[in-house]
Amino acid sequence: MSAIENICGIQPSNFVKPDISSNPNFIFKNDINYTAKQLFDSEGNTVFVNSYVECQHYVLGGWDFTPIKNLETDLQTSLLYVMIFLVAVTFFKRKFRVLKWK
Amino acid sequence: MEVKKPKLVLVGLMFIAILVPWFNTELGNNFSVPEVSQEDVTFYEINPCKISLFQFISNNSESLYQNHYFFRPDNSSSIKCFGRISGVTVLQKGVETQFFISVGTSSLLNLIFQAVIWIILFSLIPKNNKKIVMSEKVKYKNLIILAVSYLLTFSIHAESRFYDKNFYIFEFNNLNSYLLIFLMFIFIVKNFVDTFQIRSNSIMNYLPYLFLFTGIFSGYNLVLYSIIFLFYGLVSLTEQKGSKIFNSVFLILSLWWLYNTKGSFFFSPGKIRGFTSSIYEFNASLFWITFSFLLLKGLWKVYTLNKDSFSILLFTKNLSLVSFFLILFGNLGSNFPIINFFNYYFFGLQRYGVDLNNPFAFDEFLVKISWRGLFPSSETIGEFYGLCLMFIIFVIIENKQLTKFHYLGIFSSALGLYFSNNRTAIVLIFFIVIFSYLRITKFYQIQKYKISITTISIGLLLLIFTLQSETWTESYNFMSESLIFKARVFQFDSIYSSFLLLINNPESSVIFSSFLSFFGFISYLLNRSEMWGLFIARYNPTFSELLIGSGPLNFGQLYGETVINSPESFLLPHSSVLSYVVFIGILPLMLLVVALFYLLLKNRHNYKFVAFSLYVFINIFKNDSLNYFSTFTLYALLFLLLYNRVKFNDDKSTLSAKI
């Protein structure tokens, strides 16, 4: 599943992507059928989006951070490093003991 | 008994480690934690994973002792949420309002946290002397550790449907996701094997603790202790010392089981978690076939390495202590919801302890309600208490001095046996006590002829009286048909299992019909008509599957293939024999039964072996004991020990432990 689909939901069937970048005065219209979503950027700033097109635009612009999941990913990464360290210690500890016996 | 200071420090540190996670809270929060009530749990709905279990308890002190509170581990929560309250659910059951409090227990952390605690506890077992440690050096040890870790990681992949709901974030299709789990397994396997190796000599005497510390990781379908047997199974393979016939036969059967694995049938492991596959699929079958093979080889290897250090006194002392602790913690857990939760988590139980807080209770028909305490099955734990009494009798037969622990064991296991309401075990222990008494007093040897004649005469009189009765034929027909009647009740619409089709076929052979009638009669006598009827409604084997089964430790096909009118609760076949018919088929099973009779006949003068074997085999015929890892392991090792040892000379054992 792509990040857009993951955050914004499934793309509507009749969706046509407007050319937003060429229009500096583009205003996003609220979609009453779309449940508002809260997006986050890497610095923890937050914004609410009210349509699929708005959501897609923001996510492509880097507002694709989900704080809880990102925290979990970070914690899992930290746990991975801890495990590498522990595994290394476990194996070296045995080596050290064997040397000591000799 | 003198306890060494380092051990006390270790136990102290472990207690701190056990308590610390439940204080995990969001730092700097100034929540005013409200009491949960029937009307309002909104605080817990909008603040998941914000307050610690300790904070919850200190603001809801009645949750400690009122039995309408239920603490439940939430394995699918995040790492951050570990030890915190992840949600509260209110349920109305009749007039009682029940509160289910979910406590964050991330599966990833469970694996490492529970393993560390259990390994520390394991390290309390006395060490071998150094000579033995050196003589047990294993070739390719680290490679085997890696192989076991790989196998365990593979099980996560093979049973991803089960694990999918037990992990917060885990991409099962991404190979990189498994790296963390693999490293955790390496750490656990390495440390556990190292801890085990220097204590292996005492292991046979500490087997009863398998019933207290079941060792199943919360959120996993794995038992910690299986690591040892997988390791030694692989050691045995690398040494090429095992039976070539066993290896070849198992290989041929495995190829057939794998070839035959078609379709995908999910099975919720429930109370047999840790010793059954959660899905009938190729990968899961491959894992459980390998697991079973290595487990059997590992059991044999562990037995051959440590058989000489078995001490009946120490073993029985441990049986007695475990019986006592099972009753103690079972009672505490049924009276205090929070202890029930900690029992589940720290003992590694398959199922939450019973919440019926009166073990003496009777139902409205004045029938004793079975009380299982901590263990998932009241029948199996009843069997365990019976086993404790049986071994105490063996100690008396061996003219050994009973200690205060043995008296504690007699009291606890007699009480436990009554609580469990396992009538078969009660009757069998009664007979064992009588025969043992006759044996000790040498009455049997003196009056052998008279006793035999009296027993046979009474038996014959009872048989003639029953058979000549006019109502006998009617009663027999009624009893034998009850099984088929029950099977038809569970049959759904026009869907028939192959077993039911065979029963309904008027052209079925007379031999089959007579056998089935007799089987139905037995099921009625043992109060198994419903359970075995359910099995018949479900069991849908091809001819080959009937002969050689559909793979070890896999109920997926049985429970998923045929649609039936399901009963209200999850029910196992209630016969280990029927379970093993599904696993390995009737051919290997019949061979095993013949082998057992042969061994019994060959060892008929070995009183302890005969008493133990009959006790176990009569029990497992009517219950699911062999579907639990602890029971399977204990029975397999005791069978080997008692078969090969008539007399237990504790003085000559290589034990370093004091009794």
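**Group meeting: a two-chain model and its helix packing**

Okay, let's start with confidence: chain B has an average pLDDT of 89, and 94% of its residues score at least 70. This is a predicted model, by the way. There is one stretch to flag, residues 651-659 of chain B, where the pLDDT is below 50. That stretch still has 25 contacts in the model beyond near neighbours in sequence. As for the complex, the predictor gives an ipTM of 0.86 and a pTM of 0.88.

So, how do the two chains touch? On chain A, 15 residues are in contact with 15 residues of chain B. If you sort the chain A side of that by class, you get 9 nonpolar, 3 polar and 3 charged residues.

Now the domains. Chain A is assigned a domain 1, covering 1-65, and a domain 2, covering 67-102. Their C-alpha centres sit 40 Å apart. For chain B, the assignment gives domain 1 as 5-104 and domain 2 as 113-309, and here the C-alpha centres are separated by 32 Å. Those two domains of chain B do touch: 10 residues of domain 1 contact 9 residues of domain 2. Which helix gives the largest share of the domain 1 side? That's helix α1 of chain B, residues 5-19, with 5 residues. By class, the domain 1 side has 5 nonpolar, 4 polar and 1 charged residues.

Let's move on to helix packing in chain B, beginning with α6, residues 141-158. Helix α6(B) packs on α11(B), residues 282-306, at an angle of about 150°, and the axes are 9 Å apart. With that angle, α6(B) counts as roughly antiparallel to α11(B). The crossing is left-handed. From α6(B) you have Leu151(B), Phe154(B), Ser155(B), His157(B) and Ala158(B), and they meet Asn283(B), Ala284(B), Leu286(B), Phe287(B) and Thr290(B) of α11(B). That contact splits into 6 nonpolar, 4 polar and no charged residues.

Helix α6(B) also packs against α9(B), residues 226-239, at about 130° with the axes 10 Å apart. These two are therefore oblique to each other, and α6(B) passes α9(B) in a right-handed crossing. What does α6(B) bring to this one? Ile144(B), Ala147(B), Val148(B) and Leu151(B). On the α9(B) side, look for Ile227(B), Leu230(B), Phe231(B), Leu234(B), Val235(B) and Thr238(B). By class, it's 9 nonpolar, 1 polar and no charged. If Leu151(B) sounds familiar, it was also in the contact with α11(B).

One more pair, further along chain B: helix α14, residues 378-397, and helix α15, residues 404-420. They pack at about 150°, with axes 8 Å apart, which makes α14(B) roughly antiparallel to α15(B). The crossing of α14(B) over α15(B) is left-handed. The residues on α14(B) include Gly382(B), Tyr385(B), Gly386(B) and Leu389(B), while those on α15(B) include Gly409(B), Ile410(B), Ser413(B) and Leu417(B). And the class count for this contact is 9 nonpolar, 8 polar and 1 charged residues. Glycines turn up on both helices here, among them Gly382(B) on α14(B) and Gly416(B) on α15(B).

That's my tour; happy to rotate the model if anyone wants another look.

Key. Residues numbered from 1 in each chain as written. Chains lettered and ligands numbered in written order. Predicted model: local features only at pLDDT ≥ 70, side-chain atom pairs only at ≥ 80, totals over all residues. Contact = placed C-beta atoms within 7 Å. Nonpolar A, V, L, I, M, F, W, Y, C, P; charged D, E, K, R; others polar. Axes fitted to C-alpha atoms, helices over the stretch in contact; angles between N-to-C directions. Helix = DSSP H or I, 4+ residues; strand = E, 2+ residues; numbered from the N terminus. Parallel < 35°, antiparallel > 145°, perpendicular 65-115°, else oblique. Left-handed = near helix turned anticlockwise from the far one by under 90°. Domains from an automatic or database assignment. pLDDT = per-residue confidence, 0-100.
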